[in-house]
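Subject: Structure for you to look at

Hello,

Here is the structure I promised to pass on. Please open it first, then read my notes below with the model on screen.

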Amino acid sequence: MGRLPSSLKIIEASAFTMDYQLINVIFPNGLQKIGDGAFSCVPLNQIIIPDSVTEIGLGAFEQNKATYIKLGSGVKK
């Protein structure tokens, strides 16, 4: 399981693209932005975006087969 640090505010574009080993990740509260293609082609089981995230980039979760997705209330873009 990938646990991202609680101090993380931005996940940059393509940060985890094609990381086929990453199937679970916990997004920290306080995360504000997930960049373009950040998790493209990553086999995540579920995606739970915290309320602190206001922006999700284009194709951030493209070609992902998650069976459960929950967007936080803060997502504006």
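Let me start with the aromatic rings. The count comes to 4 aromatic pairs. Keep in mind that this is a predicted model.

One pair is Phe27 and Phe39. Their rings sit edge-to-face, with 5.4 Å from centre to centre and 85° between the planes. Where do the two residues lie? Phe27 is in the loop between strand S3 (25–26) and S4, and Phe39 is in the loop between S4 and S5, so this pair ties together parts that are 12 residues apart in sequence. Phe27 has a relative accessible area of 7%, so it is buried. For Phe39 the value is 0%, and that residue is buried too.

Phe39 also pairs with Phe61. Is this pair stacked or edge-to-face? The ring centres are 5.5 Å apart and the planes meet at 5°, so the pair is stacked. Planes under 30 degrees apart count as stacked. This pair links distant parts of the chain: Phe39 is in the loop between S4 and S5, while Phe61 is in the loop between S6 and S7, 22 residues away. Both Phe39 and Phe61 are buried. Zoom out a little, and Phe16, Phe27, Phe39 and Phe61 form one aromatic cluster.

Next, the nonpolar core. The largest one has 18 residues. Which of them touch the most other members? They are Ile11, Phe27, Ile34, Phe39, Leu44, Ile49 and Phe61. Take Phe27 as an example. Leaving out residues up to four places away in sequence, Phe27 touches Leu4, Ile11, Ile34, Phe39, Ile47, Ile48, Ile49, Pro50 and Phe61. Try selecting Phe27 and showing those neighbours.

Now the strands. Three of them, S2, S4 and S6, form an open sheet in the order S2-S4-S6, with parallel pairing. Strand S2 (10–11) and S6 stand at the edges with a single partner strand each, so one side of each has no neighbour in the sheet. In general, strands of a sheet pair through backbone hydrogen bonds, either parallel or antiparallel. Here S2 and S4 run parallel and are joined by 2 bridges. Which residue of S4 is the bridge partner of Ile11? It is Ile34. Ile11 and Ile34 also appear in the core list above.

On to the charged side chains. There are 2 salt bridges. Lys33 and Glu55 form one, at 4.0 Å from N to O. Lys33 lies in strand S4 and Glu55 in strand S6 (residues 55–56), so the pair ties together parts that are 22 residues apart in sequence. Lys77 forms a salt bridge with Glu55 as well, and the closest N and O atoms are 3.9 Å apart. Lys77 is in the segment after strand S7 (68–70) and Glu55 is in S6, so here too the linked parts are 22 residues apart in sequence. Together, Lys33, Glu55 and Lys77 make a network of salt bridges.

Are these residues buried or exposed? Lys33 has a relative accessible area of 32% and is partly exposed. Glu55 is also partly exposed, at 24%. Lys77 is exposed, at 63%. The cut-off matters for that last word: exposed means over 50%.

Two polar residues in loops deserve a look.

Start with Ser40. This residue is in the loop between strand S4 (33–34) and strand S5 (46–48). Why does Ser40 count as buried? Its relative accessibility is 10%, and buried means under 20%. Setting aside neighbours within four places in sequence, Ser40 is in contact with Phe16, Thr17, Met18, Gly59, Ala60 and Glu62.

Then go to Asn64, in the loop between S6 and S7. With a relative accessible area of 16%, Asn64 is buried. A polar atom of the Asn64 side chain lies 2.5 Å from the backbone oxygen of Val42. Which residues does Asn64 contact, leaving aside neighbours within four places in sequence? They are Phe39, Val42, Leu44 and Ile47. Two of these, Phe39 and Leu44, are on the core list given earlier.

That is the tour. Click through the residues in this order and check each one on screen.

Best wishes

Notes. Residues are numbered from 1 along each chain as its sequence is written. This is a predicted model: local features need pLDDT of at least 70, side-chain atom pairs count only at pLDDT 80 or more; totals for chains, interfaces and linings use all residues. Side-chain values use heavy atoms; hydrogens and water are left out. A nonpolar core is a set of buried Ala, Val, Leu, Ile, Met, Phe, Trp, Tyr and Cys residues joined through side-chain atoms within 4.5 Å. Buried means under 20% relative accessible area, exposed over 50%, partly exposed in between (1.4 Å probe, protein chains only). Contact means heavy atoms within 4.5 Å. Helices (H or I, at least four residues) and strands (E, at least two) are DSSP runs, numbered from the N terminus. A polar contact is a pair of N or O atoms within 3.5 Å; within protein, one must be able to donate a hydrogen and the other to accept it, and residues adjacent in sequence count only if both atoms are side-chain atoms. Rings of Phe, Tyr and Trp (its six-membered ring) pair if their centres lie within 6.5 Å; planes under 30 degrees apart count as stacked, over 60 as edge-to-face and the rest as tilted. Two strands pair if DSSP finds at least two bridges between them.
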